[in-house]
Amino acid sequence: RVVYCAEDIEKYEREQAEKELAKQRKGDEDEDEDEESESKELGTVEEGAEDEEEEDNSAEVEMYRRRIVALYKQYNPEKVGDVDRLMGQYKGNEDKLYNAIKKKYVGQVEAKIQKIYQKHNPEKLGDIARLMDKFQGKELKLLEAIEKKYAQLSLKEKVEEEEEEDGKAKASSSKSKKPASADFPKIKAHVIKRMKPHVLKDKLQERGLSIQGTKKELMDRLVAW
């Protein structure tokens with residue numbers, strides 16, 4: 001039979017308390033290690049997300065750069081050398097820079113097309129937006145084709161107008177021109193009185209006079225000439 005004294009019991013309780021404290025400390029250390037490991041993992045994820053975001057931003061900036069270069073090559077090649085400076089000046093606002101340049105140059109083309117249609121073919125005004133979308137990136141070629149088409153029509157219309165004016169001028173001159181008396185000598189009254197109506201009309205018409213009226217009126221008109 002083992003008999004424990006008070007000292008033994010106290011020693012045993014002290015050892016148990018130390019073991020429990022050591023176990024608790026080890027648990028805290030393990031928990032700290034877990035938190036540290038988790039923090040590292042989260043940090044790696046966050047860094048990866050930041051890297052991915054930077055890559056996305058870089059790709060978007062490059063996209064706008066290519067678009068701006070394409071616009072300048074088409075509309076104002078001398079400005080291509082300014083693209084990098086402009087991109088740096090508008091860093092973070094590349095979309096606004098691109099939209100402003102596009103509005104300036106593409107807007108000018110659209111305004112010219114609208115003016116041409118307004119003058120020559122107003123029914124086509126409603127098709128401008130569709131045409132601009134269809135020929136995106138080739139707006140200048142679209143403008144050139146429309147200008148060429150309606151320039152030819154304008155030339156044709158001008159020639160027709162000039163020909164019409166010439167015809168009117170000739171007709172007016174023919175009506176207003178009165179034959180000279182040297183070409184048609186004056187006919188004596190007694191000769192006129194013996195003329196038949198159709199002969200009277202021929203003589204009057206030759207002299208640019210009216211052939212309307214009775215025989216007596218025709219005779220009087222020819223005598224008075």
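This is a short talk on the helices, aromatic contacts and salt bridges of the structure shown above.

Good morning, colleagues. Let me begin with the status of the coordinates. The model is predicted. Its mean pLDDT is 79, and 69% of the residues reach 70 or more. Confidence varies from element to element: helix 1, covering residues 6-75, has the lowest mean pLDDT among the elements, at 71, while helix 2, covering residues 83-89, has the highest, at 92. As a general caution, predicted coordinates should not be read in detail where pLDDT is low.

I turn now to helix 3. This helix runs over residues 94-120, a total of 27 residues. From the first C-alpha to the last it reaches 39 Å, close to the 39 Å expected at 1.5 Å a residue. There is nevertheless a bend of about 25° in helix 3, located at Gly-107.

Which residues of helix 3 are buried? Among them are Glu-94, Leu-97, Tyr-98 and Ile-101 in the earlier part of the list, then Tyr-105, Val-106 and Val-109, and further along Ile-113, Ile-116 and Tyr-117. It is helpful to recall that an α-helix has 3.6 residues a turn, so residues three or four places apart point the same way.

Two places bring helix 3 together with residues earlier in the chain. Glu-94, which is found in helix 3, has a relative accessibility of 10% and therefore counts as buried. Its C-alpha is separated by 9.5 Å from that of Met-63, although the two residues are 31 apart along the chain. The second place concerns Tyr-64, a residue of helix 1. Tyr-64 is likewise assigned as buried, because its relative accessibility is 12%. The C-alpha atoms of Tyr-64 and Tyr-98 are separated by 6.5 Å, with their positions 34 residues apart along the chain. Tyr-98 has a further contact: the charged end of Arg-67 sits over its ring, 5.5 Å from the ring centre.

Next, the aromatic residues. How many aromatic pairs does a search of the whole structure find? The search returns four. One of these joins Tyr-72 and Tyr-105 in an edge-to-face arrangement, with 6.1 Å from centre to centre and 80° between the planes. Because Tyr-72 lies in helix 1 and Tyr-105 in helix 3, this pair ties together parts that are 33 residues apart in sequence. Both Tyr-72 and Tyr-105 are buried.

Tyr-105 also pairs with Tyr-75. Here the ring centres are 5.5 Å apart and the planes lie at 20°, so the pair is stacked. Tyr-75 belongs to helix 1 and Tyr-105 to helix 3, so this contact links parts that are 30 residues apart in sequence. Tyr-75 counts as buried, because its relative accessibility is 15%; for Tyr-105 the relative accessible area is 9%, and this residue is buried too. Taken together, the ring pairs link Tyr-72, Tyr-75 and Tyr-105 into a cluster.

I close with the salt bridges. A search of the whole structure finds five, and I shall describe some of them.

In one of them, the side chains of Lys-216 and Asp-220 meet at 3.2 Å, N to O. Where do these two residues lie? Both are in helix 8, residues 215-224, and they are four residues apart, about one turn of the helix. Is Lys-216 buried or exposed? Lys-216 counts as exposed, at 58% relative accessibility, whereas Asp-220 counts as partly exposed, at 41%.

Another salt bridge is formed by Arg-207 and Glu-206, with 3.6 Å from N to O. Why does Arg-207 count as buried? The assignment follows because its relative accessibility is 3%, and buried means under 20%. Its partner Glu-206 counts as partly exposed, at 36%.

A further salt bridge connects the side chains of Asp-127 and Lys-124, at 3.5 Å, N to O. Asp-127 is partly exposed, with a relative accessible area of 24%, and Lys-124 is also partly exposed, with 25%.

To recapitulate: helix 3 bends at Gly-107, and Tyr-105 takes part in a ring cluster with Tyr-72 and Tyr-75. Thank you for your attention.

Key:
Residues numbered from 1 in each chain as written. Heavy atoms only, no water. Salt bridge = Lys/Arg side-chain N within 4 Å of Asp/Glu carboxyl O. Buried < 20%, exposed > 50% of the residue type's maximum accessible area, 1.4 Å probe, protein only. Expected span 1.5 Å × (residues − 1). Bend = angle between axes of the 7 residues up to and from the residue. pLDDT = per-residue confidence, 0-100. Phe/Tyr/Trp six-rings, centres within 6.5 Å; stacked < 30°, edge-to-face > 60°. Lys NZ or Arg CZ within 6 Å of the ring centre and 35° of its normal.
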